[in-house]
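Visitor: I am new to protein structures, and I would like to know how the words used for them are earned. Could you walk me through one?

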Amino acid sequence: MKFLRMRPGYGEQLIAEGDVEVAEDEERLVEEFRRQLDQGMWAAVPVETDTGQREATLVQTFEEIPAGTARVIFFPRAAGGAR
Amino acid sequence: MQTAALVATAIVVVALLWETATPWLSRRLELLRGRRHNLVTGIPAYDPGRERRAEQRARELLRSCVNDEEWGMYRDLGFLRVWGGQAAGPEVGWDLGGAPYAYLVYPHKPIVAYLPQTSQLLNEYCVEFPDETRPYGSARLPDSDDVLAKWMALRGDERRLIGEANLHLPGRQVDPRKVQRDLWRLRQWESARITQGSGAGAAASPSAADAGSGDA
């Protein structure tokens, strides 16, 4: 599983990578997931439905990430724009 | 007499040189000040190549996440249409009587909600995704990342995104004539795509996409 983060001036950056089947990797990913959310990021998982449609799911805990997910994309949380 | 003429000529030459050199000197001075400021604050100097590379990466990420039709739409028209997923309408308390609604998603501009059947514009939802770490002094994501963030948030949790946005009536930031023109372009694009068969949308654009930026 890869964790990608959108950054101004970069595009996406790979911030963590690991195999969730390996306990050590999973622990590291969980820690990084929490750190990103603590920094105010939203986490989205791109998914493909049974009909082949591409969708996205917002997840708020590591446990919510669907099994078999290849990547999680972190992006800054939404804020109201110009008033 | 000759001396006076030489002095006058010299004065004119100096004056002309001053006029010519002043703007150039000002620009150089501004650049130097900017570089010194960036060095002090640790912000690297502006690099248009970096911005282009970032946008290129963002486009690839967008392409890998959205559906082929949506990617073609963005590539050709410069915006995405995302169908609304709430039964009653974008906001709590609305009742559109079951009519489908959709959003136009532009980079760094408000999301525009509308009724596809009548092309009636409903609202503008002004939303940003500011990255306060500001790695290069700006909190602004590349255009395609901004579009992808909106797409993922609308698909993943429409209510939450709309709840975070500032609501405005149509026309506040996005010119309704431009939106109507974009809706026409979208209809043309879809017709051409259907005519040419699936996957042939690339040449279907009424005009090239100009993913111009504004302020959301």
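**How the terms are earned**

Guide: Gladly! Keep in mind that this is a predicted model. Between chain B and chain A there are four salt bridges, and one of them is a good place to start.

Visitor: What makes the meeting of B:Arg155 and A:Glu55 a salt bridge?

Guide: The rule asks for a side-chain nitrogen of Lys or Arg within 4 Å of a carboxyl oxygen of Asp or Glu. Here the side chains of B:Arg155 and A:Glu55 come to 3.6 Å, N to O. The pair is Arg with Glu at 3.6 Å, so the rule of 4 Å is met and the name salt bridge applies.

Visitor: How many residue pairs are in polar contact across the interface of chain B and chain A?

Guide: Twelve residue pairs, both residues being at pLDDT 80 or more. On chain B's side, the elements that each supply at least two residues are α2 (48-65), β4 (120-128), α4 (143-164) and β5 (166-168). α4(B) gives the most, with twelve residues.

Visitor: What kinds of residues does the side of chain B that touches chain A have?

Guide: That side divides into 21 nonpolar, eight polar and 13 charged residues.

Visitor: How many residues does each chain bring to the contact?

Guide: Chain B brings 42 residues and chain A brings 31. B:Leu61, B:Met152 and B:Arg160 supply 18% of the area that chain B buries against chain A, more than any other three residues.

Visitor: What is the area buried between the two chains?

Guide: About 3,200 Å², and carbon and sulfur atoms give 55% of that. The size of an interface is often given as the accessible area lost when the parts come together.

Visitor: Why are β6 of chain A and β4(B) called paired strands?

Guide: Pairing needs at least two bridges between the strands. Strand β6 (residues 79-80) of chain A is joined to β4(B) by two bridges, so the requirement is met and the strands pair. They run antiparallel, and in β4(B) the bridge partner of A:Gly80 is B:Val127.

Visitor: What does each chain look like on its own?

Guide: Chain A has one helix and six strands, in the order β-β-α-β-β-β-β from the N terminus on. Its C-alpha trace spans about 45 × 35 × 25 Å along the principal axes, and 43% of its 83 residues are buried. Chain B has five helices and five strands, following the pattern α-α-α-β-β-β-β-α-β-α along the sequence. Of its 216 residues, 39% count as buried.

Visitor: Where do strands pair within chain B?

Guide: Strand β1 (residues 80-83) of chain B is joined to β2(B) by four bridges, and β2(B) is joined to β3(B) by three. Since two bridges are enough for a pair, both of these joins qualify. The strands run antiparallel in the β1-β2 pair of chain B, and so do β2(B) and β3(B). In β2(B), B:Leu104 is the bridge partner of B:Arg81, and B:Leu104 also stands opposite B:Val112 in β3(B).

Visitor: How do you know that both faces of β2(B) are covered?

Guide: Look at the residues on either side: B:Ala102 and B:Leu104 are buried on one, and B:Tyr103 and B:Val105 are buried on the other.

Visitor: Why is B:His108 called buried?

Guide: Buried means under 20% relative accessible area. B:His108 has 7% relative accessibility, so B:His108 falls under the cut-off and counts as buried. The residue sits in the loop between β2 (102-105) and β3 (111-115) of chain B, a hairpin with five residues between the strands.

Visitor: What makes the phi of B:His108 worth pointing out?

Guide: Most residues other than glycine have a negative phi. In B:His108, which is not glycine, phi is positive, near 55°.

Visitor: Which residue in the loop between β3 and β4 of chain B can be set beside it?

Guide: That would be B:Ser119. B:Ser119 is not a glycine either, and has a positive phi of about 65°.

Visitor: Is B:Ser119 buried or exposed?

Guide: Buried: the relative accessible area of B:Ser119 is 13%, and because the cut-off is under 20%, the word fits.

Technical notes: Residues are numbered from 1 along each chain as its sequence is written. Chains are lettered from A and ligands numbered from 1 in the order in which they are written. This is a predicted model: local features need pLDDT of at least 70, side-chain atom pairs count only at pLDDT 80 or more; totals for chains, interfaces and linings use all residues. Side-chain values use heavy atoms; hydrogens and water are left out. Contact means heavy atoms within 4.5 Å. Buried area is the accessible area (1.4 Å probe) that two parts lose on being put together, summed over both. A polar contact is a pair of N or O atoms within 3.5 Å; within protein, one must be able to donate a hydrogen and the other to accept it, and residues adjacent in sequence count only if both atoms are side-chain atoms. Ala, Val, Leu, Ile, Met, Phe, Trp, Tyr, Cys and Pro count as nonpolar, Asp, Glu, Lys and Arg as charged, and the others, Gly among them, as polar. Buried means under 20% relative accessible area, exposed over 50%, partly exposed in between (1.4 Å probe, protein chains only).
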